[in-house]
Amino acid sequence: MEKRIRILLVDDHDMVRQGIRTYLLTELDIEVIGEANSGERAVEQVLALKPDLVLMDLVMPGMDGIMATREVLRACPATKVLVLTSFVEDDKVMPALEAGASGYLLKTVLGAELVASIRKVWAGETVLEPQVATKMLAALQKPKVQAETLFDTLTEREGEVLRLLAKGLTNQQIGEALFIGIKTVKTHVSNILAKLGVEDRTQAAIYALKHRFVELGNKKE
């Protein structure tokens, strides 16, 4: 028999974990070896069990799934992380991918699709929720010739915010890094989206990363 994919389930809701476990029990090539109801517990379980893949919720008390993903991969680089969440907000997607997640799915995913995604991620592929993939594609298809001109329209502060946004920081983290309030950060982000002609934070971050804006010094300095 081929090696089974050893799974750790991480979610703060018992019923969610039970439902996933019950469904995965029918798959001969998948084995649920443990569960965790918090980010802290997930890291402990990964160190103890060395799973092949972690199904990671994002919003949990204490250490959230983004931080847990970062800690899990630091502790056990061979482990894959597949995010399974109810949230597709922009301040969740990019930070999760920046933390090293190999996939991002919503909990509305059908059982068969979840199983297929687990197998793909374990095999080294990346799996993305269609809404996330669409945002990325839209950002990547934006004409290259416009990039430098569009970035030049940003103020010095907007450039700083965009660089931190592209690194996966949340509004709160950006505010703390730049010593400004969250409302001010939101205003800067809104201005950035308008000037770059993108719809949301995810597209702005991908666009900035694609054109290496994070690596460039601010021309207005």
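A polar contact is a pair of N or O atoms within 3.5 Å; inside a protein, one atom must be able to donate a hydrogen and the other to accept it. Asp200 makes such a contact at the N-terminal end of helix H11, where its side-chain oxygen lies 3.2 Å from the backbone nitrogen of Thr202. The model is predicted. Its strands include an open sheet of 6, paired in parallel. Its empty spaces include a largest pocket of about 370 Å³ and 2 cavities of 30 Å³ or more.

**The sheet**

- The strand order is S2-S1-S3-S4-S5-S6, and the pairing is parallel.
- S2 and S6 are the edge strands, and each pairs on one side only.
- S1 covers residues 5-10, and 5 of its 6 residues are buried, so the rest of the structure largely encloses this strand.
- S1 runs parallel to S2 (residues 30-36), and 6 bridges join the two.
- Within that pair, Ile5 stands opposite Ile30 of S2.
- S4 (residues 80-85) is joined to S5 by 4 bridges, again in parallel.
- Val83 stands opposite Tyr104 of S5.
- On to S6 (residues 127-128), S5 makes 2 bridges in the parallel sense.
- The bridge partner of Gly103 in S6 is Val127.

**Two faces of S5**

- In a regular strand the side chains alternate between the two faces of the sheet.
- S5 spans residues 103-106: Gly103 and Leu105 point one way, while Tyr104 and Leu106 point the other way.
- Are these residues of S5 buried or exposed? All of them are buried, whichever way they point.

**Arg6 in strand S1**

- Arg6 belongs to strand S1.
- Arg6 has a relative accessibility of 26%, so this residue counts as partly exposed. The buried class ends at 20% and the exposed class begins over 50%.
- What does Arg6 touch beyond its neighbours within four places in sequence? Its contacts are Glu31, Ile33, Leu49, Lys50, Pro51, Asp52 and Leu53.
- A polar atom of the Arg6 side chain lies 2.9 Å from the backbone oxygen of Leu49.
- Arg6 and Asp29 are 23 residues apart in sequence, and their C-alpha atoms are 8.8 Å apart in space.

**Helix H11**

- H11 runs over residues 201-210 and is mostly covered, with 8 of its 10 residues buried.
- The buried residues are Arg201, Thr202, Gln203, Ala204, Ala205, Ile206, Tyr207 and Ala208.
- Asp200 caps the N-terminal end of the helix through the contact with Thr202.
- Arg212 follows H11, and its phi is positive, near 55°.

**Glu158 in helix H8**

- Glu158 sits in helix H8, which covers residues 156-166.
- Glu158 has a relative accessible area of 4%, so this residue counts as buried.
- Leaving aside neighbours within four places in sequence, Glu158 is in contact with Thr153, His188, Asn191, Ile192 and Lys195.

**The largest pocket**

- Rolling a probe the size of a water molecule over the atoms shows where empty space is left.
- The largest pocket has a volume of about 370 Å³.
- It is lined by 16 residues, and the closest to its centre are Asp64, Ile66, Pro95, Thr170 and Gln173.
- Which elements give two or more residues to this lining? They are helix H3 (65-75), helix H4 (90-99) and helix H9 (171-178).
- The lining of the largest pocket divides into 6 nonpolar, 4 polar and 6 charged residues.

**The cavities**

- How many cavities of 30 Å³ or more are there? The count is 2.
- The largest cavity holds about 50 Å³ of space.
- Lining the largest cavity are Leu9, Val10, Asp11, Arg17, Ile20, Leu55, Met56, Asp57, Leu84 and Lys107.
- S1, helix H1 (14-24) and strand S3 (53-56) each give two or more residues to the lining of the largest cavity.
- That lining has 6 nonpolar residues, no polar ones and 4 charged ones.

Key
Residues are numbered from 1 along each chain as its sequence is written. This is a predicted model: local features need pLDDT of at least 70, side-chain atom pairs count only at pLDDT 80 or more; totals for chains, interfaces and linings use all residues. Side-chain values use heavy atoms; hydrogens and water are left out. On a 1 Å grid over the protein atoms alone, a cavity is a set of points where a 1.4 Å probe fits but cannot get out, and a pocket is an open set with protein on both sides within 12 Å along at least five of seven lines; lining residues have an atom within 4 Å of a point. Grid points are joined across faces, edges and corners, and a volume is the space filled by probe spheres set on the points. Ala, Val, Leu, Ile, Met, Phe, Trp, Tyr, Cys and Pro count as nonpolar, Asp, Glu, Lys and Arg as charged, and the others, Gly among them, as polar. Buried means under 20% relative accessible area, exposed over 50%, partly exposed in between (1.4 Å probe, protein chains only). Contact means heavy atoms within 4.5 Å. Two strands pair if DSSP finds at least two bridges between them.
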